[in-house]
Every structure is written in C-alpha cells, then in structure tokens.
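Colleague: I'm new to reading structures, so could you walk me through one? I'll ask, you explain.

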Amino acid sequence: MNEIVSTRTNPMIDPAIHIWGWEIPVYLFLGGLVAGMMMISGYFLFRGRQKEMATSCLTLPLLSVVLLSLGMFALFLDLAHRWYFWRMYMTFQPASPMSWGSWILLLVYPALLANALIRPPAWLTARIPALVTLSERIGTRSATVKFIGIANMLLGAMLGVYTGVLLSAFGARPLWNSSILGLLFLTSGLSSAAAFVHLVARDEFEQKLLAKADNAFLTAEIVIIGMFLIGLLSSTAVHIEAAQLLLSGPFAPVFWVFVIGLGIVIPLIVQSLAVNHKVAHTPVAPILVVLGGLILRFVIVQAGQVSHWTRLFPSH
Amino acid sequence: MNALSRRKFLKITGFTAGAAAAGTAALRATGVLQPPAPERGTRTVPTSCDICFWKCGAIAHVRDGELWKIEGNPLDPLSEGRLCPRGTGGIGAHFDPDRLRSPLMRKHLRGEEEWVEVTWDEAFDFIAKKMTAIKEQHGPEAVALFSHGIGGNFLKHMIKAYGSPNITAPSFAQCRGPRDVGFRLTFGEDVSSPERTDIRNARCLVLIGSHLGENMHNTQVQEFADAVGNGATVIVADPRFSIAASKAKYYLPVKPGTDIALLLAWMHVIVTEGLYDKEYVAAHGFGFEQFAASLAPFTPAWAYPETGIEPSVIEATAREMAAHKPSTLVHPGRHATWYGDDAQRSRAIALLNALLGSWGRKGGFYTPVSMDVPGYPYPEYPKSERGKVDNPGHKYPFAHETITTGIREATLTGQPYPVKGWWVYATNLIHALPNEAETIKAIQNLDLMVVVDVIPSEIAGWADVVLPESVYLERHDDLNVEWFREPFIALRQPVVPSPHEQKPNWWIAKSMAERLGLGAYFPWKDIEEYFQHRLTAAGLSYERLKKDGIIRGVKQPVYFAEGVTPTFPTPSGKIEFMSPQLQQAGFDPVPVYHRPPPAPPGSYRLLFGRSPVHSFSRTQSNRILSDMMPENEVWVNTDIARRHGLTHGQYVRLKNQDGVVSNRVRVKVTERIRPECVYIVHGFGHTARGLHHAAGKGASDAQLITRYATDPLMGGTAMNMNFVTFEPAEA
Amino acid sequence: MARYAMAIDTVRCVGCMDCVAACKTENGVPEGYDRDWITYESTGQFPTLHMEIRSERCNHCDDPPCVGCCPCGASHIHERGGVVLVHHDKCSGCKACIAACPYDARFIHPDGYADKCTFCIHRVEAGKDPACVAVCPTHCMHFGDLEDPHSEVSRILASRNSHALVPAAGTKPQIFYLR
C-alpha cells in the first residue's frame, strides 16, 4: 500500500484540482451547440435550402449569436483575473488551444452575422430598414450564400472540435488526454443542435429530417464514446484509472444514467420509433438529448479534474 | 473559496499594518521613537531566535521599515547559518493579530477570561500590594515562579531578590529531568542543553523514541542529516515509524513501555559476547561485575515477548552498535517522562553508552565548553530558612531541580507550607503539566496569579493579571553564554519596536522589583548597561556583539582523545555501572524491567510528540507556522481504522479512561504506527478565548493526560499512561 | 546559456518544511497558499516500511506544458536558465496552465493571476541560492546550472542515483531527487 501525503493545501488545487466549476462546462456546451447549429444552418445554405429549412436557417444564426455570447460570458465569469481578458487578443499563441479558440470565436461572429443577414427577421428589419437592401443583395447571390454556408460549416466544425481539443491538450489530466474528445464534443454539439431544431421547428419536414439526422449523430456519439473509453482503457495505468472514474468510479452513476441512458440511448430509441412512425414525435426525446449534451460536458470537465498522474493522501 | 481566502489575506495584512502603525504611535507618544522618517530599503539586525529554547543565531531583515524575513546567522555555531522552520517562520510571532497588547486584569472569576485593560502602573501596583501582603502573611517563599527559557532570567532574579527559592520549569519534571538524573547517577554529569551529543561524528546512532526531524532541535537535526548523509548506521526503536525511522537501517517497532527490556537485552548481548569497550570499562567503570551478572537473565529470547522485537534483530543491532564503538551514540532523548521508570530507563541508556565507551569520545558525547563571562555583581539574595516547597523531606531523592508538580501539590495542600502566589512566564502550564484539573484546583488556592506571555494562552486565562511581553524580535534578553562544542556568547536584541503596550521581560522585572522596594537588585539603568558591564568584565566588546550577534571563543578540546581529562563526579569518581547511591536510597542499583500495565480492552495508548513547525503549545497562532500545520491529526493504524470504520481525514473525538473527551481531531489512517497505540502532536486543541485563530483546532494531549505516574527517583511525571477510544464527531 | 535545476537529497531530507517557511517569507506567499511543499511517500506494511520524503515545487520543465497552453503569453520561459515564470500583468486567470501541470504546482494568487515557484530568480540573479535551498537545515537541496559540468548539481547528479517526478507525463522536469 502506498501512502502519499502532501502538505500542500492550495485552494482549488488540493486534494484534486477543482479550478473549473459550472462556467467552463456551460461554455463548452454552448460552444458545441452553436458549432452544431452553424454546421446545420451552413449545410442548408450550402445546399440552397434556406427557404424550406426555416428554423435552421432563420432562427439558428441569431440564436447562435445569443448562445455564444452567453457562453463567452460564462467563460469571462470563470476568469480569475477578469479585467485582463483582453490580453488574449494582444497575442496569438500557436501552441495554445485557448488562444486558437479566442481567435476562432472572433471569426465566428462575422460568419454568424452574415448568415443572419441572408434572412433577417422582421422585428429587426422593421427597426433597421437598411438591412432589407443589404439582405437582398446578399441573399440573391447564390455564390455568396454558398460561401457563407461553407464559412459557417467550417468555422462551426473548428469551434466544435476546439471545445474538445481545449481539454484534450492537457496531458496532465489523463481523462482528457484523448484526441477523440474533439470529435466527441463536435458530434455531441451536432446532436444537440439537431435535437434543438427537432424541438422548435414548426415545419414537420424539417422536424423529421433533423430527428433523423439526430439519430445518426447520437449513434455516432455512442461509437465515439466507446472509442474514447477503449482508447483510455488500452493505455497506461493512470488512463485506465481515469476511464474507471466514469465506468465504475464516483462519476459512473451520472455517466451511465444521464449521459448514456437518458442522454443518448433512450432518446435514440424514442426518435427511431418516431421516425419510423411507431410512436408520435415527442419533445421529451430532444430535450433529453440537449440536457445529455450539457451533462456530458459537466461529467468530462469534473472527472477530468479528478484524474491525475499521482494520487495524494492529503494531510490537513 | 478564492474570494474568501483573499478577504482573509487582506484582513490579516491590513490588520498587521494597522497594528504596527498603532504601536508606533504609542511609542512616539512615550517619546521612545523620533517622529517619522519613513524607512526605505533593507537593513539587517543580528539577534537570536526564541521560537524554542535552542536560541539559534539569526539575522532579521527589515524592508521599508517592516519586518520581512529571518535567516540564520552564519557565525552561530548552533545553527551554522540555517534556522529551522519555526525560526524561519518566526516573523509570524510579531505579526500575530491574537497577541497580547496591554496589561489585563480579570473582571470577575479566574478562568472566565473577562478582562479590563489597565496601565502598567495599575498592574504593578496591584501585584506589589498582593506580593507585600503574601510576604507579610506567609513569607516570601509563598510566591513561586514557573519560568521557561532564557527570557525568564530577570524575573527569576526578581523573585530570588524577593526571597523565594521556589523557581521551576516544566523542562525538568515534565521533560528531560529523568534523563539528566539517569546520566548524573551514571556519569556524574548531565547531558545538558543543547545536548552534548556528537551526532555529526557518530558512526552508529541509536534513537529510542527520539524523533529527530520531527523534534526540530536545530543542531541535532543538522547533525542527524550529516550522520545519515555520511552513511552512519541508524537504529530506531519506536512504536511509530517516525521520520527518523525512515532513515534507519534497523527499525525496531518496539511495544510501548518496553524500552528497558530492549536495553537490557542489548547490554546482555554486548556483555556476554564480550563486545564492550573493555579498556574503557576497566579504566573508568565502577561495579561492572555486579552489573554484568545482573544482565544474565535478560537474553534476547527473554526480551522478545516483552518488546515484540525478534531475538535475531536484537542481536544484530547490538553487534552493529559494538562494531562502531566508541563512535556509537545511544541518544539520551530529551522528553523522557513516559512510563514512571524513566530515570532508570535513562540510566540503562547511559550504561549502554558506557559499555560502548562513547562518553567523552568522538561520535559519542563531547565535553561542552563555555566562555567565562562573569555574572553581574548583585547584592546577595535574602536567605530562605524554610527551603524549597516542592520536594518535602527529599521524597524524590535525586531531583536536582525544582519540581513543578511539587509546587502545584504544595499549593493544593498547603504542605510543607502554603504557596499563595504564582508568577508564570512563557510556559503554558495547562498544556505542560499533566492533569489540568489539579492545576486549576491549585490556582483556586492562590491570592495572586500573574502570567507574563506574548499570547493569551490557556494559563493566561487563569491569571489575575496578564502582562504582555514583547516578542523576541522586539526585545533584549539576557546574554546567552552557551555550553557547546565550542565556546560562544550570543545576543538577543530588538529588530522592530513592539506594536502596542508590550514590554520586554527585563523591564517588567526591573519595574516590578522597584515597586517591591528591591531596586538595589536592579542597579543598572537599562539592559544595555547591564550587557556593557558584564562584557567589559569578560574583556569583550558589546559593540562587536551588537554588530555580529555572536562572539566565538577559542576552540578547546572536547574529547578525551584531544586531552580532556576524564572526570566522573559520581561518589566513586567513576562511571557507576552499579549505583551505591541508588542502593542506599532503596532503589534498584542496576536497571530492572517492569512490564507496563496493558491497555484496557478496546482502547489505545495515547502517545504524543512534536511537529517540526511548532513549539509546544506556543506557536499555533503564528500565522506562518499554523499555515504549515493548522491542526494535528490522530495517527491510527490502518487495521485499527478499518475495525472502527474510520476513514482518512474524518473527524473523531478521543475519549480517555476517565471519560474526558477531546476536541474533534482528524484521523490519519496510516501503516506508520503500531496497532495498540495512537499518536498526536502536542500543543493543539487550544481553548483560550483570545487565541481566535488556534482555538478549536485539533486535539490536546494534555487534556487527555488525566493520569500520570511519578518517577520515584526524581518526581518526573510520566504521561504515556492514558488510553483512549474513538467517539464520533461532527464533520 | 544556462539550465537551472535542483538536486534534492531524499536521504538527508527530514521533511521539516523549512523550505516552505522560507518561501513564504522570502516571496510573501499569501496565507493558505504554498509555492513549495513536502510529500511523504511511504510504501509497505507496518513495520516493513520504506518512506521517501521530498521537497516539491514547480519542476521548471524543459518542455513546460503550462507555457504552451497560455493564451496570453503570460506563462513564459525566462531568458536565463530555462526558469518558467508568469507575467502577472499579462495573465487573465484562465487556469489553463493549472490544468496543464501534472504536478499541480500552480495556483491562482488571491490577486487573480497564476502563481508558482520562480526558482527565486530574483535571488539567483543576485548570485544567491533560492530561499528554500539556502535555508535548508539538512543541506539536502542543491541548485545550479546543469550545463556547467563543474556545478554542484551536475557533479552530484553524475555521482548519485536520482529520479524525477512523473517522467511519463513527458514534460522533462528539472528537479531531481537523489536516493
């Protein structure tokens, strides 16, 4: 038996780091959700289907601006030296995912605004009539729309992957130390975004299409989570221990019940039955998916902070 | 959490800045300080540490007028320029927001800790009136002084001038007394303090319960590291796998209270195998044959069931000790009041050293030397006709110092004569003496109880008058004329002013003496005049001492081999393997083992010890030191913890055999202790209301030590006699 | 160029925390925070135990993940000796560097910025040892330049067995524990 006793008792550090509370999971979730929304709406723009996909192309872009801003506000709240946040924009650090992220976020906003400009909502054009001319000028040029679609898909993908890479770059935290995390958060973001459209779209076609898409995303997510865990389990002792935090450790109940069960498997079954007309569409499934996506970020962020290279036995 | 910590931090820093400003203002008002010229830059002042009694030479750094840090003084032979963590964290004593600020007098009953702030004049007038009345009614011997450390010298002088011989410190009967008696009976001399142990040069070092490294006596720990670094064989016998044990080639997990059996078996092997230093024993020994014959029954096989140490290990370690003789040091320990037969155990340790020929030899015990600095020529003290009160009829025939608990007993019973006044200086008797109920009961019999301290300790809470002393960084103390491996003198001098009304002890003693009409005993104007006088008499320069903090003398021989003449001031003039003195007094002339009473079923023997970052119960409110160790833990063996369902870090309360329940204390679940005992670091579990920061943190061993055995040779109080069980505690 | 490193003798170290106390006073580390600390690692079952005692702090890694991950350029490698430092006025307190450190050597200072051991660069540049090294009563700590083969650290590391902490984390730590 090993007894490793440390006299260190730093706040937020010991006995295991707990530097990130609710703000970072919420930020990562909203970032992932917006990423998914950008990809969905970008895809339909690219395919020139913005008219039939009203929710995806009308609601999502403006909503994304709001959600992303909320996410960034959460990130801002998390900063310990808040009024120095501008320092991130005084430099570009190529080795820092967070630096990439902060610059990607700067590019995401114009892309989202351009997207929103293609079909600006009536309440906005009523106030700023000039937008109508601007919107017509953009919206009637299919090449511009396509370009905006591509930009949204690309930046959305970068944003989604970034939310995962942010964590996976931390080799010091074995649970996060998997490049699959980027793909997982991107897929989870897509599935949450699809579920969101499924939930709010009034058009039955759009609703069903996104439900189908969500089923694909959820299936992919299960596979990716499996790969993520297999990757950890076939690595070193500390990585195996990290995986066990989720599989059988203190985070297992939340992981199995809320992330896997209620967040993926049950909505997947319900939505599969729904798209095959076995049961009626219900808002419960997409709500569960969205909540599952949020809880996934919480579980990964919290368990990752517990996972460690050395296990301490604190002295007091 | 972050915001809370920050507030706490700001509060503390804000407070100390404010406190310093207020203190400066007060001193300015009294004309001590010149009006402001804001100090810029860094200056250093050499002084000596007082976080423990070792008194290491230190250099304090003041940056922009504020105390910044303390480093060791490279001139100092004790520390060689490196302080221990307590010394390094010593600035926390100056900044402690809980320290005493002005003289206090109690409002109502003793122990209620309800105070009125008074002036020094009011306090002195009150004390003088009481002391005069006590002297008239009961004689001057009815006032006793409990004093710890060099800071008490002038108070001792004041009490002696008043006419009382009853001056004592827990360092004898609660600590090193049995050791000194055991060694005196054997070699005729004490181990003294700092101990004359030549750890640095030892080739084999044997520690019996001594936890060097946790017990942070600086010189000893430095030399211990040297010995370990030089590849000396370390043998540790301890029920706990201590820091020292982790450095040992042989760790002997001895059952608590069976050390004498182990010592007898070791000596049996060394004598029967003829491994002892025959020449040395023949030249210097007395009564060896009788002693050797007495060892016959104590074979390693006999010792095995007693100690739990396998015979082969006893044999191997005995041979290892003999192989390195005379550079084998069986460390005499320091806190030796364990089981009631402690002076005899210490004698057994002395005898084992005698067999190995280590006394007076390199790597064993050197002969300490000192500088000749004459004392101040004071008038003679009044002679006490009644003698000391602590040891009536020489009940404890070998007590050569005053027994604290003897004075307490006399205060309780009024026999052999009443004690009506206590002065207590820098010793927290509630934590230092066993059975606090007896102490509190004795205090109820007093007409006067004065406590001089830097913090509002538990004992201060029982005082009639509390006098706030400047901390060591703000005051002069008496000259330290040290006995060590080379001669030197050291100065303690102020680095920064006291922040409030605190005063140095010399000023308190002198002012008090003047009130009592004893001004003739303090003829000097201030302590610097006193220093000048003594140093001039010794042919030394006070200016140099002020500048350097230390004056070293000429190196002198410290080993027999260097020319020290072996002298053993025992009655026989030799090392007494068999002690006629003990025989005449009706005690075993050679050490005998008595099996300790077993623990009551289901309970665990309470052992206690030290932390390297705290001194006694006096440093828990020092914010730097408490930051490193805010509370103690109770060490519980893994199997025992499992049996009781205890988990690491949870809080429990300890309940002793008399139903006394401790404050809550965290459990340390560990493999590093025998299952039949538990261990806590001494000095925690404060209850004094004024110790805002330290109160309620951890458990107090002293509170649980309601039972003690008294050493029949010298009156020491053995404290490892208590047993505890676990009680639930709120988280 | 220089490459500063420490060699800490676990044989001599008694875990007294003097290094911790010295750091607190030298650097004004706020109450409740540690830039250095002691780890006691014991193995085995009573009474057959082995224990290693280590004075630990930032390892001033050769490949410091805390520097790469910093989005502000606050975490940086000092021009001299490879010492890893933080510009307090560039730090946004994002805590990425804390997450990146396998030794958990960093913390957020009550003033909001990331803080940690500086190898007492202010002392080193004045020709002194770091405070923790200078104060150690057991003389168990050695500081110096690994690129200088005659430095005390180089010589002691050449002559004794040593190990670094969590080498598998791949950060190339520069504090070596002698055994």
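Here are some questions and answers on a contact between chains and on two sheets.

Colleague: How many residues does each of chain B and chain C bring to the contact?
Modeller: Keep in mind that this is a predicted model. Both chains chip in to the contact: chain C gives 40 residues, and the number from chain B is 45.

Colleague: And what area do chain B and chain C bury between them?
Modeller: People often give the size of an interface as the accessible area lost when the parts come together. Here, 60% of that area is on carbon and sulfur atoms. The total for chain B and chain C is about 3,500 Å².

Colleague: Which residue of chain C forms a salt bridge with Asp627(B)?
Modeller: There are four salt bridges counted between chain B and chain C. In the one with Asp627(B), the closest N and O atoms are 2.9 Å apart, and the cut-off for a salt bridge is 4 Å, so this pair qualifies. The partner of Asp627(B) is Lys24(C).

Colleague: Which element gives the largest share of the side of chain B that touches chain C?
Modeller: Several elements give two or more residues to that side, including helix H1 (2-29), strand S3 (66-72) and helix H7 (218-229) of chain B. The largest share is eight residues, and it comes from H7(B).

Colleague: Why is one side of S1 and one side of S3 in chain B left without a neighbour in the sheet?
Modeller: Three strands of chain B make an open, antiparallel sheet in the order S1-S2-S3. Strand S1 (42-48) and S3 each have a single partner strand, so one side of each has no neighbour in the sheet. The reason, then, is that S1 and S3 of chain B stand at the edges.

Colleague: Over how many bridges do S1(B) and S2(B) pair?
Modeller: S1(B) and strand S2 (residues 57-63) of chain B pair in the antiparallel sense. For example, Pro46(B) stands opposite Ile59(B) in S2(B). The count for S1(B) and S2(B) is seven bridges.

Colleague: Do S14 and S15 of chain B pair in the parallel or the antiparallel sense?
Modeller: Both sit in an open sheet of seven strands with the order S5-S4-S15-S14-S13-S6-S7, where the pairing is mixed. S14 (residues 448-453) and S15 (residues 465-468) pair over four bridges, and Asp453(B) has Pro468(B) in S15(B) as its bridge partner. The sense for S14 and S15 of chain B is parallel.

Colleague: At what angle does helix H4 of chain B run to S15(B)?
Modeller: H4 (residues 120-138) lies across several strands of chain B, among them S4, S6 and S15. Relative to S15(B), H4 runs at about 130°.

Note on methods. Residues are numbered from 1 along each chain as its sequence is written. Chains are lettered from A and ligands numbered from 1 in the order in which they are written. This is a predicted model: local features need pLDDT of at least 70, side-chain atom pairs count only at pLDDT 80 or more; totals for chains, interfaces and linings use all residues. Side-chain values use heavy atoms; hydrogens and water are left out. Contact means heavy atoms within 4.5 Å. Buried area is the accessible area (1.4 Å probe) that two parts lose on being put together, summed over both. A salt bridge is a side-chain nitrogen of Lys or Arg within 4 Å of a carboxyl oxygen of Asp or Glu. Two strands pair if DSSP finds at least two bridges between them. Axes are lines fitted to C-alpha atoms, for helices over the stretch in contact, and angles run from 0 to 180 degrees between N-to-C directions.
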